[in-house]
Amino acid sequence: MRLFRPANDAPITADTTGPWSVTRAEYDGKAMILRLNDGLRDIAGHRRYPMQAGIAIQCNTPDEHGLPSPRDTAAFDAFEDQFEQLFCEGQSALFAAVISTNGMREFVFYLSDESRFRAQFRAWAETPKSHRIQMILRRDPSWSVYRKLRS
């Protein structure tokens, strides 16, 4: 039995689920819609979450601006609900952003347990999906991706 928790293992008491902001912009000359979890602003860079994960999903039928069609959006919304339930329980991952641009949507997370995230993603990905999906993990202890999206 552990008598104390190290500071980097302490649960975060801030509301990590939001609020969220929505911004329309351009990225490399392409339309972009960014949803950003502003509830993470004060904990960005928390040492418990040194890994950043991106789950990129390619649109099957992007619109003329490279943004998801209504059919893609319905599938992406379902995936997002699944990701939130699967990865974010117990604050093992924090849902940071959703980026839609150039025929894809990317879901951005910060992780406290990389191996757990990998295992959960692999189990989720075992069943056939309607869209092409790619997952990328990288160290980002300073939360540079989140900070760049905020600026």
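This briefing walks through the sheet, the helices that pack on it, and the aromatic side chains of the structure above. Please keep in mind that the model is predicted. At its heart for our purposes is an open sheet of 6 strands with antiparallel pairing, and the structure also holds 15 aromatic pairs.

**The sheet**

- Reading across the sheet, the strands come in the order β1-β2-β4-β5-β3-β6.
- The edges are taken by β1 (20-27) and β6 (133-139); each has a single partner strand, so one side of each has no neighbour in the sheet.
- On average, neighbouring strands are turned by 20° against each other, direction ignored.
- Strand β3 (residues 51-58) pairs with strand β5 (residues 104-111) in the antiparallel sense, over 8 bridges.
- If you would like one bridge to look up, Gln 52 has Tyr 110 in β5 as its partner.

**Helices on the sheet**

- Helix α1 (residues 70-87) packs on the sheet and touches β2 (30-37), β3, β4 (93-101), β5 and β6. The direction of helix α1 makes about 10° with that of β5.
- Helix α2 (residues 114-125) also packs on the sheet, where it touches β3, β4, β5 and β6. The direction of helix α2 makes about 175° with that of β6.

**An edge-to-face pair between helices**

- A pair of aromatic rings is described by the distance of the centres and the angle of the planes.
- For Phe 79 and Trp 124, the ring centres are 5.5 Å apart and the planes stand at 85°, so this pair is edge-to-face.
- Phe 79 belongs to helix α1 and Trp 124 to helix α2, so the pair links distant parts of the chain, 45 residues apart.
- Both partners are buried: Phe 79 has a relative accessible area of 6%, and Trp 124 has 10% relative accessibility.

**A stacked pair**

- The rings of Tyr 110 and Trp 143 are stacked, because their planes are at 5° and their centres 4.1 Å apart.
- Tyr 110 sits in strand β5, while Trp 143 is in the loop between β6 and α3 (144-150), so the pair ties together parts 33 residues apart in sequence.
- Tyr 110 is buried at 0% relative accessibility, and Trp 143 is buried with a relative accessible area of 0%.

**The aromatic cluster and its charged visitors**

- One aromatic cluster is formed by Trp 20, Phe 79, Phe 83, Phe 87, Phe 95, Phe 107, Phe 109, Phe 117, Phe 121 and Trp 124.
- Arg 35 lies over the face of Trp 20, 5.8 Å from the ring centre.
- The charged end of Lys 129 sits over the ring of Trp 124, at 4.3 Å from its centre.

Conventions:
Residues are numbered from 1 along each chain as its sequence is written. This is a predicted model: local features need pLDDT of at least 70, side-chain atom pairs count only at pLDDT 80 or more; totals for chains, interfaces and linings use all residues. Side-chain values use heavy atoms; hydrogens and water are left out. Two strands pair if DSSP finds at least two bridges between them. Helices (H or I, at least four residues) and strands (E, at least two) are DSSP runs, numbered from the N terminus. Axes are lines fitted to C-alpha atoms, for helices over the stretch in contact, and angles run from 0 to 180 degrees between N-to-C directions. Contact means heavy atoms within 4.5 Å. Rings of Phe, Tyr and Trp (its six-membered ring) pair if their centres lie within 6.5 Å; planes under 30 degrees apart count as stacked, over 60 as edge-to-face and the rest as tilted. Buried means under 20% relative accessible area, exposed over 50%, partly exposed in between (1.4 Å probe, protein chains only). A charge sits over a ring if NZ of Lys or CZ of Arg is within 6 Å of the ring centre and within 35 degrees of the ring normal.
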